[in-house]
Amino acid sequence: MLSVSFWGVRGSIPCPGGETVEFGGNTSCLEIRADQRLVIVDLGTGSRLLGDSIVRRKDCESIDIFITHTHWDHIMGFPMFAPLFDSNANLRIRGPVSFNDDTLEAIIGAQLSYRYWPVRQSELSAHIEYEELKETTLDLGGGLSVTTKYLNHPILCLGYRFEYQGKSIVTAYDHEPFRNLFPTDSADPQYDASAASEGEAAAQEENEKILRFFSGADVLVHDAQYTAQEFDKHLGWGHSCLEHVIDSASRARVKKLALFHHDPSRTDEQLTALEAKYIRENTNPDLSIVAAREGFTIEA
């Protein structure tokens, strides 16, 4: 069985409080299970509770952790991830790095310095290995594999496609649809017909690559931070709008879509209303849509 459980579903910053109880206020953390095999995607604040659960289950012996990118909301739970303090724990942390002078270990481990935290990385009990990733396919053993894909975000960010016994779970966050960056209005002083045409073709090609990455996925967990009305105000921030996400999932023949990386200002009431709206307006009977909630598990 291949499944994904949600321990943190918010984007940008934790947002605890009475208005975020139903969906949760922790930043991104997914637990993927391939039968007994444990994989984690991102170490946002949701990883604190996941780590506590892993230690209680005595499930620390082998943990594969994939970081989508190193923005703080995706790694800030690392210092309080309980398996770090278990001498029986073996962690393999993989992810992309945007800055040639910094390693993945240095970026994540920098949180464990006295200026930020009372425990240093050298004081951890767990055995930790780091591996920097580009676009590739890895055999994780036991029939589980992962394929990586660059997404469109201000720093290098990877989507992950996990496949196991004919089932697949894909993560795509933080991601903004590719668009033509050249002026397309002939009245614009900077307009160049050739550049505009090439820019349009390049954006279309990259968006098609993303659809191929999603193709036929049993579960797609996708960044859906904005509505279409909000999206234009946040161009370049590296996030998607719900309308684009649902259209992409439908075109890629995805079976189950989990809307993810909720905006921190979105209340439970607002998310419930948006979820109901897009489920109601969905015209694809083969696509199931849900807004991700902490504590939920979806089977592929």
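Me: What makes Phe 6, Tyr 173 and Phe 260 a cluster?

Reply: These three residues are linked by ring pairs. Rings of Phe, Tyr and Trp (its six-membered ring) pair if their centres lie within 6.5 Å; planes under 30 degrees apart count as stacked, over 60 as edge-to-face and the rest as tilted. The model is predicted: local features need pLDDT of at least 70 and side-chain atom pairs pLDDT 80 or more, whereas totals for chains, interfaces and linings use all residues. Residues are numbered from 1 along each chain as its sequence is written, and side-chain values use heavy atoms, leaving out hydrogens and water.

Me: How many aromatic pairs does the whole structure hold, and why is that of Phe 66 and Phe 162 called edge-to-face?

Reply: The search finds six aromatic pairs. In the pair of Phe 66 and Phe 162, the centres are 5.6 Å apart and the planes stand at 75°, so it is edge-to-face. Phe 66 belongs to strand β4 and Phe 162 to strand β9, 96 residues apart in the chain; strands are DSSP runs of E, at least two residues, and helices are runs of H or I, at least four, numbered from the N terminus.

Me: What makes Phe 66 and Phe 162 count as buried?

Reply: Buried means under 20% relative accessible area (exposed is over 50%, partly exposed in between; 1.4 Å probe, protein chains only). Phe 66 has 0% and Phe 162 has 0%, so both are buried.

Me: Why is the pair of Tyr 173 and Phe 260 called tilted?

Reply: Its centres are 4.6 Å apart with 50° between the planes, an angle neither under 30 nor over 60 degrees, so the pair is tilted. Tyr 173 sits in the loop between β10 and α3, and Phe 260 in strand β12, 87 residues apart. Tyr 173 is buried at 0% relative accessibility, and Phe 260 is buried at 0% as well.

Me: How do you know that Lys 277 lies over the face of Tyr 278?

Reply: A charge sits over a ring if NZ of Lys or CZ of Arg is within 6 Å of the ring centre and within 35 degrees of the ring normal. Lys 277 is 5.3 Å from the ring centre of Tyr 278 and lies over its face.

Me: What makes β12 and β13 a pair?

Reply: Two strands pair if DSSP finds at least two bridges between them. Four bridges join β12 to β13, which run parallel, so the strands pair. Leu 259 stands opposite Ala 291 in β13.
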